[in-house]
Amino acid sequence: NGTHRVNMSNVDSPLQIFVRAKKKINDIFIEIDDYVKDAVTFMHAVAGDSSIASAQDLTNVEAYVSKVQAIREVLKRDHMKVAFFGRTSNGKSTVINAMLHDKILPSGIGHTTNCFLQVEGSDTNESFMRTEGSEEKLSVQSVSQLGHALCATRLQECSLVHVYWPRELCALLRDDVVLVDSPGVDVTPNLDEWIDKYCLDADVFVLVANAESTLMIAEKNFFHKVSTKISQPNIFILNNRWDASASEPEYMDQVRSQHANRCVDFLSRELRVCTPKEAEERIFFISAKEALLTRMREREKPVSSPILADGHQIRYFEFVDFERKFEECISQSAVRTKFAQHSRRGKNIAAEVMSALEQMKASKVEKQRILQEQLTAIEEQLTSITRQMKEKIGKMVSLTLSQEIRRLSALVDEYDT
Ligand code: GTP
Ligand code: MG
């Protein structure tokens with residue numbers, strides 16, 4: 001059935017930075033969870049003594065249990081997200097398919113992708129799709145109906161289709177990368193809505209440009225908008241369809257540096273999202289079509305096999321180089337933005353529970369001190385009472401004695417007479 005498992009070892013993939021950090025922070029939250037639950041159990045145990053743990057103290061600490069639970073849920077779903085933008089037909093869907101090693105998303109000449117398509121790993125290892133807000137699992141075959149501009153059943157341009165694909169078939173998906181395909185930026189007036197809905201949580205943006213022409217105003221405007229809403233977005237530029245250069249070898253180097261200069265200028269001087277030197281590391285000349293073909297052939301998938309143009313191997317290496325730089329960038333950025341926030345929250349929760357427990361201990365110590373004081377006071381009182389009693393008894397005894405003596409001596413006197 002053409003199932004192709006990713007059996008290459010990916011322990012040295014840059015994505016592991018994210019995968020390991022996620023595992024670590026998950027483990028830490030399991031510990032925080034235990035700690036908070038222990039605190040609650042303890043407080044229940046001493047709750048009988050209302051002067052140590054009040055009902056309010058208990059409610060406060062119990063609230064942390066659900067907070068920690070909520071963070072653990074978010075953590076489980078945390079992923080790295082990359083969104084692809086560019087003009088119609090530049091090859092966005094083809095780039096994603098090449099990265100996924102399979103023809104999953106619809107691609108073709110003309111205006112093809114009609115709505116947002118988000119490809120992510122499926123936990124059940126089956127492939128299916130879902131439209132936004134519906135639980136119904138649709139067959140992936142229907143992605144070409146729902147997502148294709150030429151189909152009658154197509155969705156609204158701004159809507160989202162989730163495509164779930166078995167993790168074991170693709171290293172990117174297994175390591176929690178989510179890829180978002182979009183319609184061409186030149187076919188919509190709703191760029192702001194797109195950005196608000198699909199870009200604010202993206203870790204990396206890929207601008208798929210057409211090396212046969214040049215960066216267009218529509219593409220530039222879109223990223224100008226993005227960079228007003230997101231501070232320092234990570235942007236890669238793919239000059240796609242670079243296979244076209246093979247037919248005009250005499251100008252290849254000049255065209256390449258023309259594109260490269262414009263792209264560096266755009267990222268560093270216009271958008272100011274990086275330095276010119278950093279920008280150079282973000283620009284690639286590739287052929288997504290060739291990369292996809294090469295990978296389909298590697299997997300012995302039946303493909304129509306035109307002869308690849310001169311230099312296809314160099315273009316393929318550049319594609320692989322892009323993937324590596326992209327993986328480094330996305331995992332570092334996602335760790336920074338996603339986990340830094342969680343670890344701050346975790347630290348605060350642990351500290352707050354600790355201070356609640358410490359307050360309890362302090363109030364217990366205080367209570368003991370008061371008790372001790374009271375005891376001492378009572379003891380002192382007792383001593384003084386005893387002393388007084390003794391004195392009184394002594395007096396009483398001596399009084400009685402002297403009376404008796406007087407009585408006896410009276411008797412003696414009487415007897416004498
Ligand atoms: P829309 O979905 O319409 O916005 O387009 P898109 O950017 O997703 O482009 P798509 O991937 O559908 O590709 C458009 C056409 O260009 C398809 O026929 C692809 O096979 C072809 N194509 C994509 N990449 C390349 C490339 O690197 N070289 C060549 N020669 N053709 C390509
Ligand atoms: Mg497309």
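Student: At what angle do helix α3 and helix α10 pack, and how far apart are their axes?
Tutor: Keep in mind that we're looking at a predicted model. Two packed helices are described by the angle between their axes and the distance between the axes. For α3 (residues 92-100) and α10 (residues 288-298), the angle is about 30 degrees and the axes are 8 Å apart.

Student: What do we call that arrangement of α3 and α10: roughly parallel or roughly antiparallel?
Tutor: Angles under 35 degrees count as roughly parallel. The angle here is about 30 degrees, so α3 and α10 are roughly parallel to each other.

Student: And is the crossing of α3 and α10 left-handed or right-handed?
Tutor: Take those two helices again, with axes 8 Å apart. Their crossing is left-handed.

Student: Which residues of α10 does α3 meet?
Tutor: Start on the α3 side, where T94, V95, N97, A98 and M99 make the contact. By class, the contact holds six nonpolar, two polar and two charged residues. On the α10 side, the residues met are A288, K289, A291, L292 and R295.

Student: Okay, on to the sheet. What is the order of its strands?
Tutor: Eight strands form an open sheet, and the pairing is mixed. Neighbouring strands are turned by 20 degrees against each other on average, ignoring direction. Reading across, the order is β3-β4-β2-β5-β1-β6-β7-β8.

Student: Which strands stand at the edges?
Tutor: Look for strands with a single partner, because one side of each is then left without a neighbour in the sheet. That describes β3 (128-131) and β8 (283-285).

Student: Which residue in β4 stands opposite F128?
Tutor: β3 and β4 pair in the antiparallel sense over four bridges. Opposite F128, in β4, is Y164.

Student: How many residues of strand β2 are buried?
Tutor: β2 covers residues 116-122 and is largely enclosed by the rest of the structure. That's because the buried count is seven of the seven.

Student: What are the bridge partners of V119 in β4 and of L117 in β5?
Tutor: β2 runs parallel to β4 (residues 160-166), joined by seven bridges. With β5 (residues 177-181), β2 runs antiparallel, joined by three bridges. The partner of V119 is V163, and the partner of L117 is D181.

Student: Last one: is E318 buried or exposed?
Tutor: E318 is found in helix α11 (residues 312-416). Leaving out residues up to four places away in sequence, E318 touches R256, I283, F284, F285 and I286. Buried means under 20% relative accessible area. E318 has 14% relative accessibility, so it counts as buried.

Notes:
Residues numbered from 1 in each chain as written. Chains lettered and ligands numbered in written order. Predicted model: local features only at pLDDT ≥ 70, side-chain atom pairs only at ≥ 80, totals over all residues. Heavy atoms only, no water. Axes fitted to C-alpha atoms, helices over the stretch in contact; angles between N-to-C directions. Parallel < 35°, antiparallel > 145°, perpendicular 65-115°, else oblique. Left-handed = near helix turned anticlockwise from the far one by under 90°. Contact = heavy atoms within 4.5 Å. Nonpolar A, V, L, I, M, F, W, Y, C, P; charged D, E, K, R; others polar. Buried < 20%, exposed > 50% of the residue type's maximum accessible area, 1.4 Å probe, protein only. Pairing = 2+ DSSP bridges.
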